[in-house]
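Got your viewer open? Let's take a walk through this model, one selection at a time.

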Amino acid sequence: MAIDMKAVVYGFIVSLLIGLIGGAVVPGTGMTVPVMGWGLAGIVAGLVAGYVAGGTVGNGAVHGGLATVIGALVLLVAVAFVETLFGGLVPAFGLLTVGVTLLVIYAIPGAIGGAIGSWSKNRRATRQARPAA
């Protein structure tokens, strides 16, 4: 299976945007329910990547999971860098350890969103011919 980089980049951009502005705009993504923000960003970014990639449901799932993991990885590196600058090396190492574990969990909503996106792109209603009058 060939990876459609355009689909991955579109999903990555959506994942990055939701990750950056999610805490301020989307309710419930703060400290009380952080999984909701991760799940929402993963599903939406996966939907975009899966829809752009098209193909089978499995193909959409791979593209959605890949796009969301790359987006989460970039955000994790940025947050760890800022944590190292302001908090020190030990808290940043703990953040990276937990963050890498969350990357695996973050791929699940991305794959689900990608599967739904590719399924919805390939779903076609059959046109029925009108009977001759």
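Here is a tour that starts with the whole chain and then stops at single residues.

**Before you click**

This is a predicted model, so local features need pLDDT of at least 70 and side-chain atom pairs count only at pLDDT 80 or more, while totals for chains, interfaces and linings use all residues. Residues are numbered from 1 along each chain as its sequence is written, and side-chain values use heavy atoms, with hydrogens and water left out.

**The whole chain**

Start by colouring the chain by pLDDT, which is the predictor's confidence in each residue, from 0 to 100. The chain average is 76, and 77% of the residues score at least 70. Where pLDDT is low, the predicted coordinates should not be read in detail.

Now switch to a cartoon view. You'll find four helices and zero strands, and from the N terminus on the order is α-α-α-α. Helices here (H or I, at least four residues) and strands (E, at least two) are DSSP runs, numbered from the N terminus. Among these elements, α1 has the lowest mean pLDDT, at 77, and α3 the highest, at 81.

Next, turn on the surface. The accessible surface comes to about 8,300 Å², and 75% of that belongs to carbon and sulfur atoms; such areas come from the Shrake-Rupley method with a 1.4 Å probe, and for residues only the protein chains shown count as cover. Of the chain's 133 residues, 32% count as buried. Buried means under 20% relative accessible area, exposed means over 50%, and partly exposed is in between (1.4 Å probe, protein chains only).

One more overall number: take the contacts (heavy atoms within 4.5 Å) between residues at least 6 apart in sequence, and 79% of them join residues at least 24 apart.

**Into the core**

Select Val14, Ile18, Ala41, Ala45, Ala72, Leu76, Leu103 and Tyr106: these eight residues make up the largest nonpolar core. Each of α1 (5-25), α2 (34-53), α3 (57-87) and α4 (89-122) supplies at least two residues of it. A nonpolar core is a set of buried Ala, Val, Leu, Ile, Met, Phe, Trp, Tyr and Cys residues joined through side-chain atoms within 4.5 Å.

Zoom in on Ile18. Not counting residues up to four places away in sequence, Ile18 touches Ala41 and Val44.

From Leu76, draw a distance to Val98: their C-alpha atoms are 22 residues apart along the chain and separated by 9.9 Å. Val98 is in helix α4. Is Val98 buried or exposed? Val98 is exposed, with a relative accessible area of 52%.

**Along α3 and α4**

Pick Ala61 in helix α3. Leaving out residues up to four places away in sequence, Ala61 touches Ala111, Gly114 and Ala115. You can also draw a line from Ala61 to Ala107, whose C-alpha atoms are 46 residues apart along the chain and separated by 9.3 Å.

Stay in helix α4 for Ile116, which is partly exposed at 42% relative accessible area. The C-alpha atoms of Ile116 and Gly50 are separated by 7.2 Å, with their positions 66 residues apart along the chain.

**Ser118 and Thr56**

Also in helix α4 is Ser118, which counts as buried at 0% relative accessibility. Which residues is Ser118 in contact with, leaving aside its neighbours within four places in sequence? They are Gly50, Tyr51, Gly54, Gly55, Thr56, Val57 and Gly60.

Follow that list to Thr56, in the loop between α2 and α3. Thr56 is exposed, at 53%. Thr56 and Ser118 are 62 residues apart in sequence, yet 6.5 Å apart in space, C-alpha to C-alpha. Beyond four places away in sequence, Thr56 touches Ser118 and Asn122.

**Last stop: a ring**

Select Tyr51 and Lys121. Lys121 lies over the face of Tyr51, at 5.6 Å from the ring centre; this takes NZ of Lys or CZ of Arg within 6 Å of the ring centre and within 35 degrees of the ring normal.
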